[in-house]
Amino acid sequence: MLCACSGEQFKLEEAPPQSPDSLATRDFSAGGLSSRTADWEPKIDDTQVDEVESTLKEALSLNYEEARALLGRLEYQRGNFDAALQVFQGIDIKGLTPRMVRAIAERTRQRKPRSKADIVVANVMSLHSVSLLLEAILLKAKSLQELARYIEAAKECRIIVDTVESALPKGMPEGIGEDCKLQEMFHRALELLPNLWIKAGFLDEAVTAYRRALIKPWNLEHQRLAAVQKDLAKTLLYGGVEVSLPSQLQVWGPTTPKSNIEEAILLLLILMCKVGIQEIDWDAEIMDHLTFALSVTGMFESLAVHIEQILPGIYSRAERWYLLALCYSAAGQNEVALNLLKKACGSSEAKQRPHFPSFLFGAKLCSQDPSHAHEGINFSREVIDLAKHRNEHFLDQGYKFLGMCYGAAARISVLDSERSIFQGESLKFLNRAVENGNGGPEAIFSLGLENAKQRNLDVAFDNMMMYSDMTVGSSGRGWQLLALIVSAQQRFKDAETIVDFALDEAGRMDQLELLRLKAVLQIAQQKPKQAVETYRILLALIHGKKEHWHQDKKLGQAIGFRHEAIKEKNLETEVWQDLATIYAHIGSLIDAKSCIDKAQLIEFFSPRSWHITGRLLEAQSLYKEAFVSFSISLSIEPDYIPSIVSTAELFLKLGMQSLPIVRSFLMNALRLDPTNHDAWFNLGLVSKNEGSLQQAADFFQAAYELKLSAPIQKFE
């Protein structure tokens with residue numbers, strides 16, 4: 001164990017006490033001959049005399065080296081690093097290294113207890129002398145470090161590690177630190193060496209040094225061992241240099257870490273286990289690094305598991321629930337996250353100080369899901385109330401989420417009067433978030449989106465222009481919304497120009513979505529051949545990414561990023577669905593069927609695929625089969641509006657007796673989306689067939705006006 005375990009804490013700044021085993025004072029013996037002249041026997045052969053003379057010469061030499069080591073220590077303690085370095089350079093380390101290796105190996109060899117006279121080995125340095133010389137090398141390295149000569153310092157420090165490792169290839173034996181400072185000197189060298197390589201800019205050497213400190217049992221105290229493991233994990237995570245494990249360390253077969261980040265995660269998980277069994281103290285930095293590592297690899301559920309395993313008392317209940325909610329939300333499980341946030345903000349925490357981040361995050365999640373819009377209104381109002389008394393800079397965030405939740409509530413509202421009120425409240429609070437100036441670009445984007453959904457296209461256009469001015473190199477979704485607003489104004493060519501401009505600035509995933517938007521705009525301009533070519537390019541990019549993904553998976557590098565993979569999968573499905581629609585429009589039903597089959601191979605339970613299948617069957621006058629396809633689409637997603645409208649259209653072809661059923665379907669579609677011009681048009685046909693011509697005219701007028709302001713894709 002370390003010296004600290006014996007009640008002493010060794011410090012380099014303190015001169016070591018005189019050892020009774022020092023070379024200056026110790027007795028010498030060779031072949032049983034005592035160095036005390038009073039005990040000499042009269043009969044001595046020449047061999048014994050030569051051996052004694054050799055031992056004395058070596059002792060005098062070592063005393064000289066010890067003296068330089070002590071003098072160098074004094075200079076170092078005074079801060080005279082240049083002088084200390086000059087003194088240390090006078091020590092013949094290269095010549096002494098073999099003798100130090102032999103001394104460490106001999107003196108630390110496990111043996112039975114015996115008398116002190118037996119322990120002294122002829123022609124072998126004492127461990128005290130070795131410790132003093134190792135200290136000299138260490139102080140020489142630290143002197144070079146103080147003089148910013150990091151490479152030389154690292155090389156000197158490595159001599160200590162090489163020397164001890166050569167003497168003790170299986171690690172440090174127990175109990176060696178109780179009698180001398182050898183173990184402490186070695187431990188300090190182990191800790192210093194990687195830091196010197198980092199300062200010298202050789203991160204690969206630093207990683208190798210850290211690994212050397214960990215692969216053998218060097219008797220490092222638990223806390224110091226944990227510090228080395230944590231430092232190695234930090235270097236692997238943030239160093240920016242990939243250092244693969246050498247073949248001799250790849251002993252776990254297929255479970256061997258294949259990258260820096262995998263090795264770092266393994267180290268951090270080991271440290272968390274040590275924290276869990278209280279072998280080491282809680283260290284928030286370990287959890288921070290583990291959070292980063294698991295987040296960048298997409299392993300959010302694993303992160304949640306480790307947060308749950310943290311011992312009570314580290315986090316409050318509300319904090320723990322909030323962190324778990326972040327993990328599950330990042331993993332795409334927003335319902336689980338929202339339930340956790342309800343606990344953090346619920347009655348069980350009523351006596352505690354309100355956990356503001358939980359309310360804010362709850363408002364954000366609810367604003368993204370219309371089914372939780374009313375809960376989001378409550379969360380947002382609580383955020384506003386709390387922000388007025390503290391965290392005032394979050395006040396506009398509360399207004400923004402409140403406006404978004406009111407907008408979502410309007411879209412699920414059954415009553416027209418209620419919908420109108422919610423839409424007004426939505427714009428009011430979003431405008432307040434923008435006017436106060438602290439809402440940022442996101443508040444402007446949300447305002448533009450809400451205005452676009454309410455078909456206030458000119459205002460929405462101004463909002464998005466302001467958003468693009470505030471975000472230099474605007475995000476892909478900003479350009480996409482701007483292009484959709486322009487397309488709703490029936491300016492398809494201008495919208496395509498915006499998309500072309502955005503393609504040069506957007507990220508890779510945004511580029512794929514923008515390419516699809518460009519193809520849809522080309523379809524709207526009656527350019528099917530150009531649209532098909534755009535889709536071909538898009539599919540090639542998606543397949544290229546898929547190949548790269550599979551290659552990474554083979555190499556063990558694709559640990560996470562499932563969200564991005566799912567988005568690409570959905571996008572590929574939509575591309576094949578779009579192509580089926582194009583071919584159906586130009587009358588190529590066989591090609592359309594081939595495209596929709598490919599879409600269903602990717603995602604069989606897609607309501608849009610079954611809807612397009614139904615349209616293809618309807619074009620072939622296979623009304624019964626088309627009705628089955630529309631029914632399957634609605635069984636997958638009961639609120640899928642295109643299938644609702646198509647089912648109503650199919651019923652219309654059955655004659656007068658089905659008009660009430662048709663009206664029921666169309667009213668349901670308008671409840672879900674009051675701006676659906678197809679539903680209004682078919683409702684006009686129903687009224688016309690019923691003889692209500694004035695009502696039919698009003699419905700046709702509404703359909704016409706809504707179509708003139710309809711985007712080519714849904715505002716999202």
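# Exercises on a predicted helical model

Phenylalanine 401 lies in helix H17, which spans residues 395–412. The model examined in these exercises is predicted.

**Exercise 1.** Determine whether phenylalanine 401 is buried or exposed, and state which residues it touches beyond its sequence neighbours.

*Solution.* Step one concerns accessibility. The cut-off for a buried residue is under 20% relative accessible area. Phenylalanine 401 has a relative accessibility of 7% and therefore counts as buried.

Step two concerns contacts. With residues up to four places away in sequence set aside, phenylalanine 401 touches Leu360, Ala363, Lys364, Ser367 and Ser380.

Step three takes one of these partners, lysine 364. Its C-alpha atom is separated by 6.2 Å from that of phenylalanine 401, although the two residues are 37 residues apart along the chain.

**Exercise 2.** Describe how helix H19 (residues 440–453) packs with helix H20 (residues 457–470).

*Solution.* The description of two packed helices rests on the angle between their axes and the distance between the axes. For H19 and H20, the angle is about 160 degrees and the axes are 8 Å apart. Angles over 145 degrees count as roughly antiparallel, so H19 and H20 are roughly antiparallel to each other. The crossing of H19 past H20 is left-handed.

The contact residues follow. H19 contributes Gly440, Pro441, Glu442, Ile444, Phe445, Leu447, Gly448, Asn451 and Ala452, and these meet Leu457, Val459, Ala460, Asn463, Met464, Met466, Tyr467 and Met470 of H20. Sorted by class, the residues of this contact comprise twelve nonpolar, four polar and one charged.

**Exercise 3.** Carry out the corresponding analysis for helix H27 (residues 607–619) and helix H28 (residues 623–636).

*Solution.* The axes of H27 and H28 come within 8 Å and cross at roughly 170 degrees. H27 is therefore roughly antiparallel to H28. On the H27 side, the contact is made by Pro607, Trp610, His611, Thr613, Gly614, Arg615, Leu617 and Glu618; on the H28 side, by Tyr623, Glu625, Ala626, Ser629, Phe630, Ile632, Ser633 and Ile636. The contact of H27 with H28 has eight nonpolar, five polar and three charged residues.

**Exercise 4.** Characterise the protein as a whole, then the span that UniProt annotates as "repeat: TPR".

*Solution.* The protein contains 32 helices and two strands. Of its 716 residues, 46% count as buried. Among contacts between residues at least 6 apart in sequence, 62% join residues at least 24 apart.

The annotation "repeat: TPR" comes from an unreviewed UniProt entry and covers residues 677–710. This span is 88% helix and 0% strand, and its end C-alpha atoms lie 8 Å apart.

Definitions and conventions
Residues are numbered from 1 along each chain as its sequence is written. This is a predicted model: local features need pLDDT of at least 70, side-chain atom pairs count only at pLDDT 80 or more; totals for chains, interfaces and linings use all residues. Side-chain values use heavy atoms; hydrogens and water are left out. Helices (H or I, at least four residues) and strands (E, at least two) are DSSP runs, numbered from the N terminus. Buried means under 20% relative accessible area, exposed over 50%, partly exposed in between (1.4 Å probe, protein chains only). Contact means heavy atoms within 4.5 Å. Axes are lines fitted to C-alpha atoms, for helices over the stretch in contact, and angles run from 0 to 180 degrees between N-to-C directions. Angles under 35 degrees count as roughly parallel, over 145 as roughly antiparallel, 65 to 115 as roughly perpendicular and the rest as oblique. A crossing is left-handed if the near helix is turned anticlockwise from the far one by less than a right angle, and right-handed if clockwise. Ala, Val, Leu, Ile, Met, Phe, Trp, Tyr, Cys and Pro count as nonpolar, Asp, Glu, Lys and Arg as charged, and the others, Gly among them, as polar. UniProt positions are given in the numbering used here, feature names are shortened, and annotations may be inferred rather than shown by experiment.
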